[in-house]
Amino acid sequence: MTSSRVPHLTAKLQGFGTTIFAEMSALATATDSVNLGQGFPDTDGPREVLDAAIGAINGGLNQYPPGLGLPVLRQAIVAHQQRFYGLSYDVDTEVLVTAGATEALAGALLGLLDTGDEVVLFEPMYDSYQACIALAGAVAKPVTLRPPAYGFDVDELRAAITPKTKLLLINTPHNPTGKVLDRAELQVIADLAIEHDLIVLTDEVYEHLVFDGTVHVPLATLPGMRDRVLSISSGGKTFNTTGWKIGWLCGPPELITAAKTAKQFLTYVNGGPFQVGIAAGLAMDQSFFQGVAANLQARRDQLMPGLEAAGFEVYPTHGTYFVTVDIRPVRADGDGMAFCRDLPHRCGVVAIPNEVFYMNRHEGRHLVRFAFCKRPEVIDQAVERLQRLAD
Ligand SMILES: Cc1ncc(COP(=O)(O)O)c(C=O)c1O
């Protein structure tokens with residue numbers, strides 16, 4: 001959030017400014033830096049997925065898909081939820097295809113929240129949460145996750161829930177920290193949701209990107225939770241197709257209907273041929289999903305020692321594309337924003353200051369996020385350049 005007032009812009013969005021990702025990616029181009037800022041892979045996804053989309057385009061599937069999404073994709077989502085998590089959903093009433101997880105979030109938040117409703121969520125957080133909650137006229141109530149483990153304080157979470165709380169918004173595996181909530185932590189959240197009769201929106205876009213044998217547990221699998229959880233995912237991260245923007249929601253019919261009512265006035269529908277591609281991806285063998293995670297884990301293990309050698313304090317990450325470091329050993333004033341603006345000029349590497357993921361910005365001031373979803377030679381180059389900080 002920035003402080004200068006933007007003329008004409010609705011009061012709800014004052015302070016949101018331009019995202020840091022645009023600024024940092026422009027800086028990467030201008031300085032010819034290695035871009036470990038924005039989280040997008042630099043290789044294509046599986047051939048089968050690309051070919052399925054190309055086949056759909058050549059096969060004439062180029063008009064509006066149905067409002068709920070193409071049946072082939074909805075069936076693939078239902079089969080995926082059953083295969084990986086033992087969750088059953090009805091293909092016609094409990095699944096909604098969206099323009100990425102971003103629109104799934106927007107549709108759900110705009111469809112479920114009234115003015116003054118409160119949403120309890122963890123910070124740091126993905127930047128669209130706060131903006132969509134603001135657009136809905138609702139109020140975000142953050143509970144801070146702190147390094148190195150990025151666990152939450154149960155009393156803080158309990159205290160954040162008030163009679164105005166309508167829903168909890170949970171992201172696991174978590175951007176930017178790489179935290180993966182374990183079953184015990186999820187049980188605490190489930191107990192509170194049941195006690196206070198809350199809806200829970202779960203952002204699970206990194207569901208397949210977990211490392212070291214960590215298991216992603218969807219909150220909907222916990223007893224009593226299936227019918228109060230709207231779970232969100234998307235194909236972008238798993239299939240290296242972030243530009244396709246194919247996402248989805250699964251949940252009980254009344255929550256899907258609420259989200260769909262808002263979603264139909266956002267994009268209505270999107271990406272028909274890409275929906276066919278993602279359907280092919282979701283049906284791939286177990287070995288594909290294991291391979292994606294193993295490959296990213298190897299990239300993480302390549303970057304982390306380089307960050308340590310550069311002098312940072314590096315925090316563990318168990319999933320996603322990202323690792324967070326404390327910059328204070330290399331920059332005593334701990335100003336992550338200034339550090340990230342300077343780093344491309346100093347070393348030719350771009351990273352993201354974590355303070356943009358916090359409402360209480362001071363909590364993340366000294367933290368910086370690096371993305372490792374890049375080719376090995378790109379990570380090598382970044383590591384070599386970052387070594388200048390230590391030299
Ligand atoms: C936590 C989280 N949620 C949602 C999204 C958006 O996903 P999509 O590209 O499918 O809209 C991202 C993308 O970076 C993310 O990190």
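Pro 124 is found in the loop between β3 (118–123) and α5 (127–135). The peptide bond leading into Pro 124 from Glu 123 is cis, with omega near 0°. This is a predicted model. A ligand is present, and it sits in the largest pocket. The protein covers 92% of the 390 Å² of accessible area that the ligand has on its own.

**Backbone geometry**

- Most peptide bonds are trans, and most residues other than glycine have a negative phi.
- The bond from Glu 123 to Pro 124 is cis.
- Pro 147 and Pro 148 are also joined by a cis peptide bond. Omega there is about 5°.
- Pro 148 belongs to the loop between β4 (139–144) and α6 (154–160).
- Asp 32 is not a glycine, yet its phi is positive, near 55°.
- Asp 32 lies in the loop between α1 (20–31) and β1 (34–35).

**Ligand shell**

- How many residues surround the ligand? The count is 13.
- The closest are Thr 102, Asp 203, Tyr 206, Lys 237 and Lys 245.
- By residue class, the shell holds 5 nonpolar, 5 polar and 3 charged residues.
- Which helix gives the largest share of the shell? Helix α4 (residues 100–112) does, with 3 residues.

**Polar contacts to the ligand**

- Asp 203 pairs with a nitrogen atom of the ligand. An N or O atom in the Asp 203 side chain is 2.5 Å from that nitrogen.
- Thr 102 pairs with an oxygen atom of the ligand. The distance to an N or O atom in the Thr 102 side chain is 2.6 Å.
- Tyr 206 likewise has a side-chain N or O atom facing a ligand oxygen, at 2.7 Å.
- With the ligand in place, the protein covers 92% of the ligand's 390 Å² of accessible area.

**Asp 335**

- Where is Asp 335 found? It is in the loop between β10 (322–326) and α12 (336–347).
- A polar atom of the Asp 335 side chain lies 3.3 Å from the backbone nitrogen of Met 337.
- Which residues does Asp 335 contact, leaving aside its neighbours within four places in sequence? They are Ile 327 and Arg 365.

Definitions and conventions: Residues numbered from 1 in each chain as written. Predicted model: local features only at pLDDT ≥ 70, side-chain atom pairs only at ≥ 80, totals over all residues. Heavy atoms only, no water. Near = heavy atom within 4 Å. Polar contact = N/O pair within 3.5 Å; in protein donor to acceptor, adjacent residues only side chain to side chain. Areas by Shrake-Rupley, 256 points an atom, 1.4 Å probe, with all protein chains shown as cover. 1 Å grid on protein atoms, 1.4 Å probe; cavity = no way out; pocket = protein on both sides within 12 Å on 5 of 7 lines; lining within 4 Å. Sits in = over half its atoms within 2 Å of the grid points. Helix = DSSP H or I, 4+ residues; strand = E, 2+ residues; numbered from the N terminus. Nonpolar A, V, L, I, M, F, W, Y, C, P; charged D, E, K, R; others polar. Contact = heavy atoms within 4.5 Å.
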